[in-house]
Structures are given as C-alpha cells and as structure tokens.
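Trainee: Could you take me through one part of this model closely, taking a single residue as the starting point and then working outwards to what surrounds it?

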Amino acid sequence: QAALVTGLRKDTRLQLLNNSQQIRQTGLIFRKDVISFLNRTQTGIDLNIFQIRRGFKQASAAFAQYVDLSQVRLISSIVNYIRNNRKELEGIEKNIGLMDPKNVLKRGYSITIVNGNVLQKVEDANEGDILETILSDGDIVSVVKKINKTEKS
C-alpha cells in the first residue's frame, strides 16, 4: 500500500507539473494574443488621432481662409460705404453752396425786408412801408408807393 500511495503521489505530482506547464503555455499564448490585440488597437487609435489632427488642421486652415476673406470683404464694404457717403456728402455740400443766400444774390435774386421780416407776399406790405432790398453788391432802401396785386391762375 505504501508503494501504491507513493506511486499515486508521484503520478499526482507529474500530473500537477504537466498541468502547471500547460497553464503557463496557455498564459503565454493568451499574453501574446492580448499584446497583439493591444497593438492592433493602439494602431487603430493612432490612425484615428492622425485623422483627427489632419481634419483639425484642414478645418483650421479653412476657417483662417474664411476669416481672411471676411476681413477683405469687410474692408471693401467699409471703403465703398465711405466712398458712397463721401459722394453724397459732396452733393449735399454743393447744394448748400448753391442755396447759400450770397450765391443766390449773385445769380440776380434779392431779399426784401419789411418791418424786420422777409417780404414773401405782396399782402405783407402796405403803401408807405419802408423796404430794405438786399442785393449781391449792397442794399437799397425804398418806400412803397403803390401795390399791384396779380391774380393767381
């Protein structure tokens, strides 16, 4: 019986040793598979990172180009706005110059004042009123002797 127990112990030890070696080999194979999987995954991640960076660079370049184009358009719009307003302002200045009473008087018109007010209608003057008529080169003081009113047609 002791030889049987010793034989069983030897067989069990051999079996355990054999199982231990198989477990180590399976562990090594599993480890290689895991490392291979992790390497493939890392390669995929690296590719994704590369694509994201490339996409970001392209988007950044496109945005920079858009900003530059917008800046050019804005500057062009401002220049056109100023140019158009300058022309409009020059037109207004010209009209103001043409309407300046001194220039109107130079074209042969006059301004007549009665009792401190500009005379606009015949009915605002009476016989005997003193009129001051302003011309481009001076003024004339006169007295109303007669008023001739015309009918509107």
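**A buried threonine and its surroundings**

Mentor: T133 has a relative accessibility of 15%, and because buried means under 20% on this scale, T133 counts as buried. Please keep in mind throughout that this is a predicted model, and that what follows describes that model. T133 is placed in strand 3, which runs over residues 130-135. Strand 3 pairs with strand 4 in the antiparallel sense, over six bridges, and the connection from strand 3 to strand 4 is a hairpin that passes through two residues. Within this pairing, the residue of strand 4 that stands opposite T133 is I140. I140 is also among the residues that T133 touches, and the list, which leaves out residues up to four places away in sequence, further includes G138 and D139 as well as S110, I111 and T112.

From there we can turn to the segments that flank these strands, where E123 forms a salt bridge with K149, with the closest N and O atoms 3.5 Å apart. E123 belongs to the loop between strand 2 (117-118) and strand 3, whereas K149 belongs to the segment after strand 4 (138-143), so the pair ties together parts that are 26 residues apart in sequence. The count of salt bridges comes to one. As for the setting of this pair, both E123 and K149 are exposed, while T133, where we began, is buried.

Definitions and conventions
Residues numbered from 1 in each chain as written. Predicted model: local features only at pLDDT ≥ 70, side-chain atom pairs only at ≥ 80, totals over all residues. Heavy atoms only, no water. Salt bridge = Lys/Arg side-chain N within 4 Å of Asp/Glu carboxyl O. Helix = DSSP H or I, 4+ residues; strand = E, 2+ residues; numbered from the N terminus. Buried < 20%, exposed > 50% of the residue type's maximum accessible area, 1.4 Å probe, protein only. Pairing = 2+ DSSP bridges. Contact = heavy atoms within 4.5 Å.
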